[in-house]
Amino acid sequence: MQVVTIISILIIVYLVMRLQRRNNIKKLRARIRKQYGKKPVSAKYSERISYHWSEYTQSILDDEKIDDVTWNDLEMNNIFCRINNCCSYVGEQILYSKLHCLPKNKLYRELFEKKVSFFKSNEKEREETQILLSCLGKKNNDYYLPQFMAKLDSNKISGILKYKVMQILLVLSVIPAIVLLDPKFLFISLGILFVNMIIYATGKIKYEVHLEMLKTIVGVINTGNKIADTKKLSYENKFFDLKKKVVPFKKLLNMISIIQMKKDAGFSGDFLGLLYDYLIGATLWDFVKYDQIVSKLKDKQQEFMELYKILGEIDMAITIASFRESLPLYCTPTFREEHVLQMKQIYHPLIDEPVFNTVNLDKSCIITGSNASGKSTYIKTVAINVILAQNIHTCMAKQMVLPYARVITSMAVRDDLMAGESYYIKEIKYLKRIIENLSEERLIICIIDEILRGTNTEERIAASASILKFLYQKNCFAIVASHDFELTQILDNVYDNYHFTEKIQERDISFDYKIYNGASTSKNAIKLLKYVGFPDEIIAEAQNIDWCV
């Protein structure tokens, strides 16, 4: 009767757990379905997301990277947050890394577009894949996995030989008691067991993070295995190619699973679980087994990171499909050899109610205009779209035709007090880095906002004109925003001119944020002082000085 009761309770517990799991998946599916095609909710950038990029960057060619200055100038962390709808930490890290790259590999873009198109067209497979990726989650410690894999040698347990020696001593200490049938010899075994237990307790604290990382590794392998078993993804769309990526890790998976089961028993919190943990731990089995696992991981380090990258790209592909659905307008780019930027109804992705602009640039240009008219936002818009066209094959425009190119900016220049550098020194260093990166092998699109604003007018105009003439003669497409109308006259034969403008009324100034052909002749700095409420005597004095000049 008692046996029947116990079996009944176990069945009920099993059914309750199954029902709970089914309800959890149902809620997760509903949340995934609701979020698809929407702006990410409360997306924030965290330093840990960049851990994969900090390792991955070493394997990328310099002319395929977006440098830190450009990344910060264009507020790319905010762009990442606007795109990021990933279900897993793996997807977030791969997305962040890919946004830093401008790949020259056309095949990569073609395969990536196939993935995005597949998930856009197959809702059922998309949701099933997202559920599996959600099991990986976004726990803080998991983000360290790329660094853990990159530093496997330093993550091995030091002094593993002494642990093996203590294991052997423990086994040998039992032999006299068995051979001589004298239990007194077991006191030696108990002594060694006690010493080993202290060694285990001390080492467990030291290597807890390393042991925890094995669970993260199991999660990646299991998720890859489950997605590989999804028939439509595995057989009809061979670009996922997960099956053979998972196979090399089956033996390793079993090794990690055994050590993980023992570790989970120790975390159960009950007396028997703790006793089991420390009794087995006193054999130092955990440390020796962990060392074996790390050695095998070292042999398969590249294969594991390839699996990691593929899973991340799957999550990223779903995220890009969702990102496209969330936009008011988007297109996939068309790439041409000619140095031409054809942009139809282009806009900035971070603006909720954007103004669309259409312009065709077939050579370098200077964009002038009054304060707050939209120059800086526009040149950022162009730069961001050129970048996203190349790394996620997505443009915020109705149509975009462009060449393959690097993007380098000089925009948000700041004093560096710690380095003792003035605004001007920092600015000319930013500009010099553009010149140093010029190459005949790959076009550079350089975006410059208010060139040399950190010095006096006369020298600024002369130096700026010389720099821009130099850039024009190189394999460079320069897009420059400036208040200096003089530059448009000096460089009229080599640079095209565009401008933004405003409408000034009696008590108001309005902007349409539209780009127009030709150079601007309007000035509004003093009028803006009046508009925001500066005293009349300041306005009058400024107008008189302006008139005298």
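Two exercises with worked solutions follow on a predicted model.

Local features require pLDDT of at least 70 and side-chain atom pairs count only at pLDDT 80 or more, whereas totals for chains, interfaces and linings use all residues. Residues are numbered from 1 along each chain as its sequence is written, and side-chain values use heavy atoms, without hydrogens and water.

**Exercise 1.** Determine the strand order of the open sheet of 4 strands, and state which strands stand at its edges.

*Solution.*
1. Strands are DSSP runs of E with at least two residues, and helices are runs of H or I with at least four, both numbered from the N terminus.
2. Two strands pair if DSSP finds at least two bridges between them.
3. The order is 1-5-2-3, with mixed pairing.
4. Strand 1 (334–335) and strand 3 (357–361) each have a single partner strand, so one side of each lacks a neighbour in the sheet.
5. Helix 17 (residues 375–391) packs on this sheet, touching strand 1, strand 2, strand 3 and strand 5 (399–402); contact means heavy atoms within 4.5 Å.

**Exercise 2.** Identify the partners of strand 9 (residues 496–500) in strand 4 and strand 12, and decide whether strand 9 is mostly covered or not.

*Solution.*
1. Strand 4 (residues 365–369) runs parallel to strand 9, joined by 5 bridges; Ile367 has Tyr498 as its bridge partner.
2. Strand 12 (residues 516–517) pairs with strand 9 in the antiparallel sense over 2 bridges, and His499 stands opposite Tyr516.
3. Strand 9 is mostly covered, with 4 of its 5 residues buried, that is, under 20% relative accessible area (1.4 Å probe, protein chains only).

Methods: Axes fitted to C-alpha atoms, helices over the stretch in contact; angles between N-to-C directions. Buried < 20%, exposed > 50% of the residue type's maximum accessible area, 1.4 Å probe, protein only.
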